[in-house]
Amino acid sequence: MRDRLLAAEKVKAIDWRDNTLYLLDQRNLPFEETWVACDSAARVAEAIRSMVVRGAPAIGISAAYGLVLAARARFAAGGDWLAALEADFALLAESRPTGGNLFWALNRMRERLDRVKDLAEPLAALEAEAMSIHESDREANLTMAQLGVDLIRRHQGNPQALLTHCNTGALATGGFGTALGVIRAAWLEGMVERVHVDETRPWLQGSRLTAWELASDGIPVTLNADAAAAHIMKTKGVTWVVVGADRIAANGDVANKIGTYQLAVNAMHHGVRFMVVASSSTIDMNLASGDDIPIEERDAAELLELAGKRVGADVEVFNPVFDVTPADLIDAIVTEKGVVERPDAAKMAQLMCRKRLH
Ligand code: MRU
């Protein structure tokens, strides 16, 4: 299957070349394919903050390249470049709070920096580390796609109607996608009849990005308002909800795009299975439960405006863009280290001791 998945890789949202990070500007999709060139950590941090690049794994990869750009500039400036680089670590870490991959990637860059900082030329090693973070995410996507397909095959007959939320595809990762990677692989295996896609208010990752990715692959896709999900589970024969994750706590609680929690409650009510697909770089064993995951709140304009036009009344707005799904609503967490069914703290700890499967 691996070769077929690689052959199906089409969209690429992150491109590192000529010492510059090029990011496909996701704010303009699906109508315009424009790229933003980032030549400094500040530009990368701004691209993350403003959603030029989004999706937890893609944010982590971008931050790693941002650190390479920062190290290059600080090293060239001379003096105590390592002390100066701390400001860049902080700037990148502050760009978005919820996705765990950002902090995981910066930690990996810091560990590599600690090993090479005294070399006459430490920059090549840092660049190699960022490229390895990028490549290992791509590999993880392929492994998870295979594991997720095996899981769907084990539990139910085909073809199936699936439901997904937000965007977890090539635009959100270094490769084929997490949840969308499983869905795309299941389609290639002839196991998918239709994919129902929540539009994912307020930023519309579902209607603008996921629907676009699925349609480009020729996968039958139907878009729905987020509020239609329970009705669709009841009437359209949905067998699995398949979503990604931005951070997973040590007990298996999952932070993902706002609206995921209510999907899981609805799935439980309707006997629909609930699968989370995320690489182990999303799992934060330092956080005991989902209550410890910081939840990002974004600008009120995301709710009060549509396409730049004011539509909402002049009232106070609460705009949390992630929520936490408790582990006991989740049937399976699929990672590149293996699958955890009915997750809990003991099973998550066991998983994290395993090696990657690729
Ligand atoms: O706010 P976003 O678009 O960065 O949020 C992305 C999501 O919530 C995705 O569902 C999740 O990151 C998984 S990405 C593979």
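In this predicted model, threonine 168 is buried, its relative accessible area being 6%. The residue is situated in the loop that runs between strand E4 (160-164) and helix H7 (179-188). From this loop, the side chain of threonine 168 approaches the backbone nitrogen of leucine 180 to 2.9 Å. Once residues up to four places away in sequence are set aside, the contacts of threonine 168 comprise Thr173, Gly177, Thr178, Ala179, Leu180, Thr210 and Gly244.

Alanine 170 belongs to the loop between E4 and H7 as well. Its relative accessibility is 3%, and alanine 170 is therefore classed as buried, the cut-off for that class being under 20%. Excluding residues up to four places away in sequence, alanine 170 touches Val11, Ala13, Gly175, Phe176, Gly177, Arg184 and Glu213. A further long-range relation links alanine 170 to lysine 10: the two are separated by 160 residues in sequence, while their C-alpha atoms are 8.1 Å apart in space.

The annotated binding residues are considered next. An unreviewed UniProt entry lists Arg54, Gly55, Ala56, Arg96, Gln205, Asn256 and Lys257 under "binding site". From this set, Arg54, Gly55, Ala56, Arg96, Gln205, Asn256 and Lys257 are found in the lining of the largest cavity.

Arginine 54 occupies the loop between helix H2 (41-49) and helix H3 (56-77). With a relative accessibility of 2%, arginine 54 is counted as buried. The side chain of arginine 54 forms a polar contact of 3.1 Å with the side chain of glutamine 26. Beyond residues up to four places away in sequence, arginine 54 touches Gln26, Ile59, Arg96, Cys166, Asn167, Leu171, Ala172, Trp203, Gln205 and Leu209. Of these contacts, Arg96 and Gln205 also appear in the UniProt "binding site" listing of the unreviewed entry.

Alanine 56, by contrast, is part of helix H3. This residue is likewise buried, at a relative accessible area of 5%. Apart from neighbours within four places in sequence, alanine 56 is in contact with Gly99, Asn101, Ala172, Ala245 and Asp246.

The ligand is surrounded by 18 residues, of which the closest are Arg54, Arg96, Gln205, Asp246 and Lys257. Three individual approaches to ligand oxygen atoms may be described. A backbone N or O atom of alanine 56 is placed 3.3 Å from an oxygen atom of the ligand. For glutamine 205, a polar side-chain atom lies at 2.8 Å from a ligand oxygen atom. In the case of aspartate 246, a side-chain N or O atom is 2.7 Å from an oxygen atom of the ligand. On its own the ligand has 410 Å² of accessible area, and the protein covers 99% of this area.

Aspartate 246 is assigned the feature "active site" by UniProt, in an unreviewed entry. The residue lies in the loop connecting strand E7 (238-243) and strand E8 (247-249). Aspartate 246 has a relative accessibility of 10% and so counts as buried. Not counting residues up to four places away in sequence, aspartate 246 touches Ala56, Thr98, Gly99, Gly100, Asn101, Ala255, Asn256, Lys257, Thr282 and Phe322. Among these partners, Ala56, Asn256 and Lys257 are included in the UniProt "binding site" listing.

Technical notes
Residues numbered from 1 in each chain as written. Predicted model: local features only at pLDDT ≥ 70, side-chain atom pairs only at ≥ 80, totals over all residues. Heavy atoms only, no water. UniProt positions renumbered as here; feature names shortened; annotations may be inferred. 1 Å grid on protein atoms, 1.4 Å probe; cavity = no way out; pocket = protein on both sides within 12 Å on 5 of 7 lines; lining within 4 Å. Helix = DSSP H or I, 4+ residues; strand = E, 2+ residues; numbered from the N terminus. Buried < 20%, exposed > 50% of the residue type's maximum accessible area, 1.4 Å probe, protein only. Contact = heavy atoms within 4.5 Å. Polar contact = N/O pair within 3.5 Å; in protein donor to acceptor, adjacent residues only side chain to side chain. Near = heavy atom within 4 Å. Areas by Shrake-Rupley, 256 points an atom, 1.4 Å probe, with all protein chains shown as cover.
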